[in-house]
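Dear colleague,

I am passing on the structure below, which I have been reading through and which I think you have not yet seen. My notes on what I found follow it.

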Amino acid sequence: MSAAAVEITLVTLEGVRLDEVVDEYTTLLSSADANDEALDRLAPNPYPDDEHASRDFAEATRDDLLERRLADADVVRRALAPFQSFRASMTDDDMLRAHTLEVPRGEVDAWLRTLNAIRLVLATRLGIIEDDDHDPEDSRFGIYDWIGYRLELLIDAEMGD
Amino acid sequence: MSTPAVVPDVVEDIDLRAAPLEPWQVVVWNDPVNLMSYVVRVFRTYFGYSIDRATSLMLAVHHDGHAIVATGPRETMEVHAQAMHEYGLWATVRKAPQ
């Protein structure tokens, strides 16, 4: 429970995919496209009924928030660095081999925020608006569910389950 | 009891009614993406709420569509809202209804 680090076990295939997904997420954050709905979801408006207050808040905090998201994503990408060498080539034996990452407790929040933010981006892209907007036939939901599963596992691991 | 060594010779007449402390609230809204366990985790670690309180707030968000997670001065509530946004929760700030 009070161990200094939380363990995350990923097979090579997962690690490589996660590294790619976080990389794509970082690219999205860096684009800072003001018209992108996904970015709006990552920096929501706390004053939906007050245009003036909402503009002031966005001016004061939005860039800063996206910067902190980038810093979080960077923590995750550094931890996933061992998987980068498998991007170009992976043997059948490599693919399902398990790797255990030791995430220091101080970095768990960066992982949680990043995995959750990626789910939010995917949800925006997939148009998930209601709880039941989930089409099991659509393979794009696979990655959304998988990230949710990894997020759940990380929360359990941190709580010591 | 000792007497204060320095007695202020000016009595400031501060009318507290002129600047009423109006409480503000942070409201977290339901969304289909954030996992229940994740929302509880955020309420526990960020606000330091007990697992019971964090869980009942999460359930209120889930079933009632929203829950008030903090009340206090506006500036503090904005800091909390920004932290909620950083965790990906959909939070708004509003003046507490009278």
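To begin with a single residue, D92(A) counts as exposed, because 6 C-beta neighbours lie inside 10 Å of it, and the cut-off for calling a residue exposed is 12 or fewer. Please keep in mind throughout that this is a predicted model. D92(A) sits in helix α4 of chain A, which covers residues 92–95, and although D92(A) and L13(A) are separated by 79 residues in sequence, their C-alpha atoms are 10.0 Å apart in space.

Chain A as a whole

Chain A contains six helices and two strands, which follow one another along the sequence in the pattern β-α-α-α-α-β-α-α. Its C-alpha trace spans about 55 × 40 × 30 Å along the principal axes, and of its 161 residues, 29% are buried. If one takes the contacts in chain A between residues at least 6 apart in sequence, 80% of them join residues at least 24 apart.

Two further residues of chain A may help you to find your way around helix α6. Y144(A) is located in that helix and counts as buried, because it has 20 C-beta neighbours inside 10 Å, where the cut-off for a buried residue is 20 or more. Leaving aside neighbours within four places in sequence, Y144(A) is in contact with R119(A), L122(A), A123(A) and L126(A), while Y144(A) and S31(A), which are 113 residues apart in sequence, lie 22 Å apart from C-alpha to C-alpha. G160(A), by contrast, belongs to the segment after α6 of chain A, and it counts as exposed because it has 9 C-beta neighbours inside 10 Å. Between G160(A) and D109(A) there is a separation of 51 residues in sequence and of 16 Å in space, again from C-alpha to C-alpha.

Chain B and its helix α2

Chain B has three helices and three strands, arranged along the sequence as β-α-α-β-α-β. Of its 98 residues, 35% are buried, and among its contacts between residues at least 6 apart in sequence, 68% join residues at least 24 apart. For residues 22–92 of chain B, UniProt lists "domain: Adaptor protein ClpS core", in an unreviewed entry. In the model, this span is 55% helix and 23% strand, and its end C-alpha atoms lie 17 Å apart.

Within chain B, I looked most carefully at helix α2, which runs over residues 51–64 and so has 14 residues, reaching 19 Å from its first C-alpha to its last, close to the 20 Å expected at 1.5 Å a residue. A54(B), L57(B), M58(B) and V61(B) are buried in this helix. Seen down the axis of α2(B), its buried residues fall within an arc of 100°, and therefore they line one face of the helix. As general background, an α-helix has 3.6 residues a turn, so residues three or four places apart point the same way. The buried residues of α2(B) pack against β1 (24–29), α1 (36–47) and β2 (66–72) of chain B, whereas D52(B), H63(B) and D64(B), on the other side of α2(B), are exposed. Just after the helix, G65(B) adopts a positive phi of about 90°.

Where the two chains meet

In the contact between the chains, 25 residues of chain A touch 18 residues of chain B. On the side of chain A that touches chain B, α3 (51–79), α5 (105–126) and α6 (140–159) each supply at least two residues, and α5(A) gives the most, with seven residues. By type, the residues on this side of chain A divide into 15 nonpolar, three polar and seven charged.

The largest nonpolar core has 59 residues, of which Y25(A), V26(B) and V28(B) touch the most other members. To this core, too, α5(A) gives the most, with 11 residues. Not counting residues up to four places away in sequence, Y25(A) touches A73(A), A117(A), I118(A) and V121(A).

With best wishes

Terms used. Residues are numbered from 1 along each chain as its sequence is written. Chains are lettered from A and ligands numbered from 1 in the order in which they are written. This is a predicted model: local features need pLDDT of at least 70, side-chain atom pairs count only at pLDDT 80 or more; totals for chains, interfaces and linings use all residues. UniProt positions are given in the numbering used here, feature names are shortened, and annotations may be inferred rather than shown by experiment. Helices (H or I, at least four residues) and strands (E, at least two) are DSSP runs, numbered from the N terminus. The arc is that of the directions from the helix axis to the C-beta atoms. Two residues are in contact if their C-beta atoms, placed from the backbone, lie within 7 Å. Ala, Val, Leu, Ile, Met, Phe, Trp, Tyr, Cys and Pro count as nonpolar, Asp, Glu, Lys and Arg as charged, and the others, Gly among them, as polar. A nonpolar core is a set of buried Ala, Val, Leu, Ile, Met, Phe, Trp, Tyr and Cys residues joined through C-beta atoms within 7 Å.
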